[in-house]
Amino acid sequence: MKTVRFPEYRQYEQIRTRANNAVMGLLAGAGMASHLLQLTEGSDRLLSEIFPNVPHIKRLDMKSVSARAILSSGDVHLGAMTVPYVLGIHEDFIKTCLGMLQQAGYTLSKQDIKYIKAWTQHEEIERVAGGNFSAVELQQFHTLRLMRNCSIHAGGLVDRDLADHLAVWDAASEAGWIARAGRSPRTVQLGDKVEFGHGEIVAALACTKALAREANVLLQSALTRDAWADLVVEDAAGELPGVLKEPAPQRQKRIKGFARFHYLPLSLTETEIADAITRAS
């Protein structure tokens, strides 16, 4: 699946990568800290006495055994914070895609994009762009979205929406989830506690990455070639200051090279780029 690296997609990839690295770093850090605290097992001293130079250590001022218990379950708490964060980053990017479709002349179900909520965003792109997201990836996204809603709005307990959603999971969706998360939430019942962990973090990062790439591909065919050529020139003008004021042959060559690097799947022709430069001049 070849993606077009337009500015907002590049930004999305950067933010998602930073989030991924930060979360995995925190998970690894919690594990290393827990392992290190094994060396102090049996001590009655508080953490602030053992590690006085660690910033903010007094906010976790307890004995090693208690601190290790917290750190050992760090993925549960980090998961509950990370999944909403990752979904939020993704939903913001999907809004950007909807904005690009609207600007290209497509009529959305709501004129103000902010009123197109997470439970219909992808389906809205499918409707106007005339394509489809992977059913399994979309199923995983909606499962995570409903789990997040339970965590935020239902006291962390399974509500009716999540229970009903899991009840109609198909075999492919469950198998895909287990492959990523290592366990299935399908057996949970109404009122059970919603559990997040390392597996749910992986599922959130993986399915949003896949859906963002699929949205990118849907945009490639939904937007006209002139629209893409205009975006290339606008993007190049921002990334290559002064390029539009260069002599025509050099300007054409540089923008063509820029298009080949960031917009290769579109295979824009020299004529299409030249016409877009003329429109921008």
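**Exercise 1. Determine what share of the contacts with a separation of 6 or more in the protein chain comes from residues 24 or more positions apart.**

Solution. In this predicted model, residues 24 or more positions apart make up 64% of the contacts in the protein chain with a separation of 6 or more.

**Exercise 2. Describe the secondary structure and the overall dimensions of the protein chain.**

Solution. Begin with the elements: the protein chain has 12 helices and 0 strands. Next, compare the radius of gyration with the globule rule: the value is 24 Å, well over the 19 Å given for 281 residues, so the protein chain is more spread out than a compact globule. The C-alpha trace spans about 75 × 50 × 30 Å along its principal axes. Finally, 43% of the 281 residues count as buried, where buried means under 20% relative accessible area.

**Exercise 3. Characterise the packing of helix α11 against helix α12.**

Solution. Take the geometry: the axes of α11 (residues 248-262) and α12 (residues 270-280) come within 10 Å and cross at roughly 115°. Angles of 65 to 115 degrees count as roughly perpendicular, and α11 and α12 are therefore roughly perpendicular to each other. The crossing is right-handed. Then list the contact: Arg251, Gln252, Ile255, Lys256 and Ala259 of α11 meet Glu270, Ile273, Ala274 and Ile277 of α12. These residues divide into 5 nonpolar, 1 polar and 3 charged.

**Exercise 4. Do the same for helix α8 and helix α9.**

Solution. Helices α8 (residues 171-181) and α9 (residues 198-222) pack at about 115°, their axes 8 Å apart. Their crossing is right-handed. From α8, Trp177, Arg180 and Ala181 meet residues of α9 including Gly199, Glu200 and Val202. By class, the contact has 6 nonpolar, 1 polar and 2 charged residues.

Definitions and conventions:
Residues numbered from 1 in each chain as written. Predicted model: local features only at pLDDT ≥ 70, side-chain atom pairs only at ≥ 80, totals over all residues. Heavy atoms only, no water. Axes fitted to C-alpha atoms, helices over the stretch in contact; angles between N-to-C directions. Helix = DSSP H or I, 4+ residues; strand = E, 2+ residues; numbered from the N terminus. Parallel < 35°, antiparallel > 145°, perpendicular 65-115°, else oblique. Left-handed = near helix turned anticlockwise from the far one by under 90°. Contact = heavy atoms within 4.5 Å. Nonpolar A, V, L, I, M, F, W, Y, C, P; charged D, E, K, R; others polar. Rg over C-alpha atoms; globule rule 2.2 N^0.38 Å. Buried < 20%, exposed > 50% of the residue type's maximum accessible area, 1.4 Å probe, protein only.
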